[in-house]
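Student: I would like to go through this model with you, beginning with the ligand and then turning to the helices. Could we take it step by step?

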Amino acid sequence: MKVTKVVALLLALMMLAVVTAGCGGQKAADNSGDAKTPDADKTINLKVGHVLAPTHPYHLGLTKFSELVSEKTGGKVKVDVFPSSQLGNEREMIEALQMGTLDMTLVSTAPLAGFSNKFLVFDLPFIFQTREQAYKVVDGPIGTDIMQSLQQNGIVGLGYWENGFRNLTNSKRPVVKPEDAKGLKIRTMENKIHMASFKAVGADPTPMAFGELYTALQQKTVDGQENPLAIIYTSKFYEVQKYLSMTGHFYAASPLLVSKAVWDKLPADAQKALQEAAIEARDYERGLIQESDQKLLDEVKKLGMEVAEVDKAEWIKAMEPVYQEYEPQIGKDLIEQIKNTK
Ligand code: EAX
């Protein structure tokens, strides 16, 4: 009797083992059977941050980018756009990309000079005279080489979007000649060439994150700032700045950046989709900025700003000492190469 029970128990245990193994195998077959890994069906969610208003072309361009990425990946990759410094100021977001705690950001080149000083050349006053010249440089071998220098900082660049030609505003007085800026406290980006350029005309440069700027202008802790028309309008600086000088002293390109730690984990098809969408959305965003310039100049005049056209040759001459100061670090050849690009 006892032997029978033992045999029956062994048989039951063997049956149980066979059934269990079969299920497990079936489960494995479900996942690998249709050549999909468990992650293959999972949506990839990416966050991109910027510091400008949701009405600015940065945001409209990134929204287009998000739509294109979703289309190109059949909805597998989803990009959410966060404006108005919600994910931090530009330097903080660049640092977050390095740490892999933020996926993407769209920033001006100026703060990037603090991470790779190859970017400094872009911030020299009046080194870019036209958009066509700027696009040839940033979209060509020079821009590609400078963007690649970010890889050692843990950052991948997908192309240069546009912020635009920067103009000076202030709340104190009309500024037409460089000497008119003497003594004005001007907020600049955190960039040593921007600061040196305003020191050269006798102003008092104060580096500050963009998110603090409107309040600083409103409370008059700074007299003025410098930004392209699209920012002056969409960030409502016309409410706190009476005088606009059309200096166009810096051209700001805006790299679209991805954390390398995030990029390297993406499947090749997702990387291809992001790269293609970045270029298509770049052209859309650049177009928005170009279309808006004349329209926004008329708008800010209607909103009460007093606009001064300036003699750019006077400003180029006044800021010229910055070239002597930084040429040894940047390299005369590179500066000449960019200046001679037509
Ligand atoms: O990149 O800080 C600035 O004035 C920039 O124009 C802004 O961050 C957009």
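Student: How far is an oxygen atom of the ligand from an N or O atom in the side chain of asparagine 227?

Tutor: The separation is 2.7 Å. Please keep in mind that this is a predicted model.

Student: What about the side chain of asparagine 163; how far is an N or O atom there from a ligand oxygen?

Tutor: For asparagine 163, a ligand oxygen lies 2.9 Å from a side-chain N or O atom. Tyrosine 58 also has such a pair, with 2.8 Å between a ligand oxygen and an N or O atom of its side chain.

Student: Which residues surround the ligand?

Tutor: The surrounding residues include Tyr58, Asn163 and Asn227, which have just been discussed. Val51, Leu52, Met189, Phe210 and Ile231 are also among them, as are Glu90, Ser108, Arg166 and Arg187.

Student: Tyr58 sits in a helix, I believe. Which residues of H2 meet H10?

Tutor: Tyr58 is one of them, together with Pro57, Leu60, Gly61, Lys64, Phe65, Leu68, Val69 and Lys72. On the H10 side, the partners include Ala273, Leu274, Ala277, Ala281, Tyr284, Leu288 and Ile289. Tyr58 therefore belongs both to the surroundings of the ligand and to the contact of H2 with H10, where H2 covers residues 57-72.

Student: At what angle do H2 and H10 pack?

Tutor: The angle is about 150°, and the axes are 8 Å apart. H2 and H10 are therefore roughly antiparallel to each other, since an angle over 145 degrees counts as such. Their crossing is right-handed, and the residues in contact comprise 14 nonpolar, 1 polar and 5 charged.

Student: How far apart are the axes of H4 and H10?

Tutor: The axes of H4, residues 131-138, and H10, residues 268-302, are 13 Å apart, and the packing angle is about 165°. That angle makes H4 roughly antiparallel to H10. The crossing of H4 and H10 is right-handed.

Student: And which residues make that contact?

Tutor: Arg131, Tyr135 and Val138 of H4 meet Arg286, Ile289, Gln290 and Asp293 of H10. By class, the contact of H4 with H10 holds 3 nonpolar, 1 polar and 3 charged residues. Ile289 of H10 meets H4, and Ile289 is also listed in the contact with H2.

Student: Moving on to H11 and H12: at what angle do their axes cross?

Tutor: The axes of H11 (residues 312-319) and H12 (residues 321-330) cross at roughly 45° and come within 4 Å. This crossing angle makes H11 oblique to H12. Lys317, Ala318 and Met319 of H11 form the contact with Pro321, Val322 and Tyr323 of H12. The class count for H11 with H12 is 5 nonpolar, no polar and 1 charged.

Student: A change of topic: what is the phi of serine 85?

Tutor: Serine 85 has a positive phi of about 60°, although it is not a glycine. Serine 85 lies in the loop between strand E2 (77-82) and helix H3 (90-99).

Student: Where is lysine 220?

Tutor: Lysine 220 is in the loop between helix H7 (213-218) and strand E7 (224-227). Its phi is positive as well, at about 60°.

Key:
Residues numbered from 1 in each chain as written. Predicted model: local features only at pLDDT ≥ 70, side-chain atom pairs only at ≥ 80, totals over all residues. Heavy atoms only, no water. Axes fitted to C-alpha atoms, helices over the stretch in contact; angles between N-to-C directions. Helix = DSSP H or I, 4+ residues; strand = E, 2+ residues; numbered from the N terminus. Parallel < 35°, antiparallel > 145°, perpendicular 65-115°, else oblique. Left-handed = near helix turned anticlockwise from the far one by under 90°. Contact = heavy atoms within 4.5 Å. Nonpolar A, V, L, I, M, F, W, Y, C, P; charged D, E, K, R; others polar. Near = heavy atom within 4 Å. Polar contact = N/O pair within 3.5 Å; in protein donor to acceptor, adjacent residues only side chain to side chain.
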